[in-house]
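Visitor: I would like to learn how to read a protein model. Where should we begin?

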Amino acid sequence: MQARIRSARWLFRRTMATAGLELKEPSKREILNDEISELNKQLNEKMAQMAALDETKKKGRAKKSDSKSLIDVDPVQGTRDFPPEEMRVRNWLFSHYRKVAQQFGFEEYDAPVLEAENLYTRKAGEEIVQQMFNFTTKGGHKVALRPEMTPTLARLVMQKGQSLLLPIKWFSIPQCWRYEAITRGRRREHFQWNMDILGVTGITAEAEILAAAITFLSNVGLTSKDVGFKVNSRKLLQTVLENAGVPKDKFAPVCVIVDKMEKIEEEEVEKMLSDLGLEKSIIKNIRDTLSLKSIDEMVEAVGDDAEVVKELRDLFRIIDAYGYSDWIQFDASVVRGLAYYTGVVFECFDREGVFRAICGGGRYDNLMLTYGHNKAIPACGFGFGDCVIMELLQEKKLVPELSPGVQDLIIPFNESMRSNAITVLQKLRSAGRSVDIILKNPKNPKASFTYADRIGAERAIFVAPSEWESNSVVVKNLRGEGKHKDDGDRGTSVKIEDLE
């Protein structure tokens with residue numbers, strides 16, 4: 001693409017020179033704009049090709065059916081279906097979320113996916129405001145599908161008022177919605193494990209939620225060699241800006257812009273900061289601050305007595321007591337893109353640098369005041385989405401093979417034995433086992449045993465007339481110890497009273 005642009009520029013310069021006209025050398029910004037225009041042209045061409053392919057695909061589906069009302073069987077763009085095999089994996093992931101939350105003493109909560117739009121329309125220029133799925137109801141109310149859970153948590157806490165005993169440790173696994181570009185690890189809906197502690201001012205709360213996230217990662221088979229946490233505090237950048245005389249009301253918008261540095265061009269970031277009224281010397285100071293990679297470098301920048309230095313040293317000391325010091329590192333470039341963060345912020349990353357942030361969070365002491373509460377409530381927490389972590393676990397081959405979970409399959413010899421088979425079925429279900437029954441007997445009973453094996457059942461239990469006369473059934477073990485390896489082996493006769 002760049003070769004095409006250079007060739008076009010050369011031809012243009014030659015034409016101008018032949019005409020005796022002087023040509024001004026283009027600026028770096030003009031060159032970048034040319035390249036962006038060319039990229040946009042190529043993107044539009046590719047999108048047109050994709051649209052043509054989609055149309056061909058739809059026509060192909062229509063030809064396969066005589067129905068004029070054939071629906072698109074794919075989910076809405078950016079969303080996912082969860083058929084049973086996918087649901088098993090999702091439940092496995094969520095069970096790990098819940099196990100860790102309960103181990104750490106958190107209580108689960110939930111709320112409607114539909115919230116008032118003004119719960120999210122903060123004025124700091126956050127991307128989330130432009131990414132909402134929002135609409136006006138038939139009653140004239142402006143609502144949105146929740147793009148994140150923290151504002152909902154704030155609403156619930158304010159609703160509880162004085163009846164809420166602080167501190168609280170709450171968690172949830174909500175589905176969140178954002179209309180944004182679909183990329184690897186990013187969709188327009190996702191589930192997100194939220195863990196929040198409210199009512200604790202000290203750094204012990206951040207250490208606790210970081211330890212919870214690390215415990216989860218360890219439980220699913222990841223190590224500190226696979227992933228890590230970049231930790232910073234917004235107080236560092238706040239101290240630098242205050243020392244430079246930047247007004248406090250500029251701080252949150254600066255953080256939102258700084259969080260975009262890896263997504264947009266350097267010149268665009270500088271322009272956005274300049275539009276906020278920041279001088280070039282201050283913008284350089286911001287860049288220098290964000291490049292700090294150790295506590296010692298931070299001390300050189302803001303002094304050993306700064307509050308942020310003591311706070312982060314305490315955090316690293318407490319994390320070391322948890323035994324997780326190998327998992328975390330200081331990185332001043334992490335500021336997070338939501339305006340309400342006020343202190344420590346962090347992101348989990350994969351050490352190979354393949355994926356976007358796995359999870360992120362931090363302290364947000366003033367969110368309640370934003371919504372008109374009469375006092376600030378100290379709070380910190382994290383959001384841990386299901387998309388990126390599942391891609392990472394699949395790449396590392398750490399997702400187990402999960403069967404439907406049926407322990408026993410009851411196989412009646414024929415319809416005349418069905419009532420007897422149901423007697424066995426009820427006995428085992430009452431004992432707490434997961435039991436299914438063949439609802440339609442095939443002509444060949446062997447097919448039922450094959451089906452039992454395919455669904456991952458531990459045992460196939462055959463209820464036949466000859467065994468029933470002696471109060472017995474035939475049990476064929478399909479898994480684990482005592483497995484009947486010979487397909488021709490019908491199994492072992494077991495007294496009904498001994499069946500468990």
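Guide: Begin with the word contact: two residues are in contact when heavy atoms lie within 4.5 Å. The model shown is predicted. In it, Q192 touches S172, I173, P174, C176, G383, F384 and G385, leaving aside residues up to four places away in sequence.

Visitor: Is Q192 buried or exposed?

Guide: A residue is called buried when its relative accessible area is under 20%. Q192 has a relative accessible area of 13%, so it is buried. Q192 belongs to strand β7.

Visitor: With which side chains does the side chain of Q192 make a polar contact?

Guide: One is the side chain of H190, at 3.2 Å. Another is the side chain of N194, also listed at 3.2 Å.

Visitor: What general rule helps with side chains along a strand?

Guide: In a regular strand, side chains alternate between the two faces of the sheet.

Visitor: Which strand pairs with β7 in the antiparallel sense?

Guide: Strand β5 does, and the pairing with β7 (residues 189-198) runs over 5 bridges. Within this pairing, W170 stands opposite D196 of β7. β5 also pairs with strand β1 (residues 107-108): these two run parallel and are joined by 2 bridges. There, E108 has F171 of β5 as its bridge partner.

Visitor: Why is β5 described as largely enclosed by the rest of the structure?

Guide: Strand β5 covers residues 168-172, and 4 of its 5 residues are buried, so the rest of the structure largely encloses it.

Visitor: How do I read a helix in the same spirit?

Guide: An α-helix has 3.6 residues a turn, so residues three or four places apart point the same way. Take helix α14 (residues 386-395) as the case: 8 of its 10 residues are buried, so this helix is largely enclosed by the rest of the structure. The buried ones are D386, C387, V388, I389, M390, E391, L392 and L393.

Visitor: What covers the buried residues of α14?

Guide: The cover includes α3 (84-103), α6 (204-219) and the strands β7, β8 (227-233), β10 (344-350) and β12 (379-385). Strand β7 is the one that holds Q192.

Visitor: What should I expect of backbone angles and peptide bonds?

Guide: Most residues other than glycine have a negative phi, and most peptide bonds are trans. K397 has a positive phi of about 60 degrees although it is not a glycine. K397 sits in the loop between α14 and β13 (408-412). Its relative accessibility is 72%, so K397 counts as exposed. N471 is another residue other than glycine with a positive phi, near 55 degrees. The loop that holds N471 lies between α17 (465-468) and β16 (472-477).

Visitor: Which residues does a cis peptide bond join?

Guide: L166 and P167, with omega at about 0 degrees. P167 is in the loop between α5 (150-160) and β5.

Visitor: Which residues make a nonpolar surface patch?

Guide: V113, L114 and F135 make one of about 230 Å². F135 is in strand β3 (residues 133-136). With 43% relative accessibility, F135 counts as partly exposed.

Visitor: How many helices and strands does the protein have?

Guide: There are 17 helices and 17 strands. Of the 500 residues, 44% are buried. Among contacts between residues at least 6 apart in sequence, 67% join residues at least 24 apart.

Notes
Residues are numbered from 1 along each chain as its sequence is written. This is a predicted model: local features need pLDDT of at least 70, side-chain atom pairs count only at pLDDT 80 or more; totals for chains, interfaces and linings use all residues. Side-chain values use heavy atoms; hydrogens and water are left out. Helices (H or I, at least four residues) and strands (E, at least two) are DSSP runs, numbered from the N terminus. Buried means under 20% relative accessible area, exposed over 50%, partly exposed in between (1.4 Å probe, protein chains only). Two strands pair if DSSP finds at least two bridges between them. Patches are made of residues with over 30% relative accessible area and no salt bridge: like charges are joined within 9 Å, nonpolar side chains (Val, Leu, Ile, Met, Phe, Trp, Tyr) within 5 Å. Accessible areas come from the Shrake-Rupley method with a 1.4 Å probe; for residues, only the protein chains shown count as cover. A salt bridge is a side-chain nitrogen of Lys or Arg within 4 Å of a carboxyl oxygen of Asp or Glu. A polar contact is a pair of N or O atoms within 3.5 Å; within protein, one must be able to donate a hydrogen and the other to accept it, and residues adjacent in sequence count only if both atoms are side-chain atoms.
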